[in-house]
Amino acid sequence: MSPPKSWIQAEAMASEPRLRLFCLPHAGGGASFYRGWQAQMPAGVQVCRIQAPGRENRIGEPAYRQMTVLVAELVAQLRPWLDQPFALFGHSMGSVVAYELVCALQRMGRTPVHLWVSACRAPHIADAAPIHSLPRSEFLAALGARGGTPRSVLENPDYMAMMEPVLRADLELIERWHRSSWQPLPCPITALAATDDGVTPLEAVQAWAPYTHAGFALQRFSGGHFYLSDPALSVPALVGRTLAPHLTSPLTQESFA
């Protein structure tokens, strides 16, 4: 039997990190989505890329289909990494998983210094057009309409035979996830929206505003649902600049202790 693969990918640092940034990818995505982010962080910030089962080096493992089960496992996996202040960044599906993870950690008395939610509807907005159970041809057409997946990939039968199960599982998890009530978080939230996002309109991203009483900001970028893949936007550098003050703030250290 093969040993279990790690849920967290992080580069070794010359000295002990002073803050960790946990990054969660989109449906069907893996830890490589955030490759290169470490180089754009200020010294002391360690980027921890989440690698859930069913993708990249874990492609042979079944993906999770229920949010509560996934979040419970993530809490257990992150626990050894919570010895420093931390923040979370999620893109699309990764945003809602990050949000639910923050809620679970909050119940344990662990509050992040910041939460970023990218290209994602607010939790109380139900998915109006689920695709996870569509017949194959319609499913692939819907994926293509979202952008971010090249036509050559969608039309590659070998690749899609490998990826279709995890895509359907991820989308089932996110499309069935919905909140009718919530408590505002005690950490700031920055919501990122793309101007040409055909999956998540601006007003659905802006609706995250009441989910915090510690400060909300909305930042808009050009591009579609996968705008974050454009390195010219320098989103990780923006994230790093937001985290930098927390590296020296004594309040951050005290609040975490």
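The structure holds zero disulfides, a result that applies to a predicted model. Cys23 takes part in no disulfide, and the nearest cysteine sulfur, belonging to Cys48, lies 8.1 Å away. Cys23 is counted as buried because its relative accessible area is 0%, the limit for that class being under 20%. A comparable description can be given for Cys120, whose sulfur is 13 Å from the closest cysteine sulfur, that of Cys103, and therefore too far for a bond, given that a disulfide requires two cysteine sulfur atoms within 2.5 Å. Cys120 is likewise classed as buried, because its relative accessible area is 5%.

With respect to the overall fold, the secondary structure of the protein consists of eight helices and seven strands. The radius of gyration is 18 Å, which agrees with the value near 18 Å that would be expected of a compact globule with 257 residues. Taken along the principal axes, the box filled by the C-alpha atoms is roughly 55 × 45 × 35 Å. Among contacts in the protein with a separation of 6 or more, 81% are accounted for by residues 24 or more positions apart.

Burial and surface were also examined. Of the 257 residues in the protein, 50% are buried, while the accessible surface comes to about 11,800 Å², with 54% of this area belonging to carbon and sulfur atoms. As to charge, the protein carries 20 positive and 20 negative charges, and the mean positions of these two sets are 4 Å apart.

Key: Residues are numbered from 1 along each chain as its sequence is written. This is a predicted model: local features need pLDDT of at least 70, side-chain atom pairs count only at pLDDT 80 or more; totals for chains, interfaces and linings use all residues. Side-chain values use heavy atoms; hydrogens and water are left out. Helices (H or I, at least four residues) and strands (E, at least two) are DSSP runs, numbered from the N terminus. The radius of gyration is taken over C-alpha atoms; the globule rule is 2.2 Å times the number of residues to the power 0.38. Buried means under 20% relative accessible area, exposed over 50%, partly exposed in between (1.4 Å probe, protein chains only). Contact means heavy atoms within 4.5 Å. Accessible areas come from the Shrake-Rupley method with a 1.4 Å probe; for residues, only the protein chains shown count as cover. Lys and Arg count as positive and Asp and Glu as negative; His and the chain ends are not counted. The place of a charge is taken as NZ of Lys, CZ of Arg, CG of Asp or CD of Glu.
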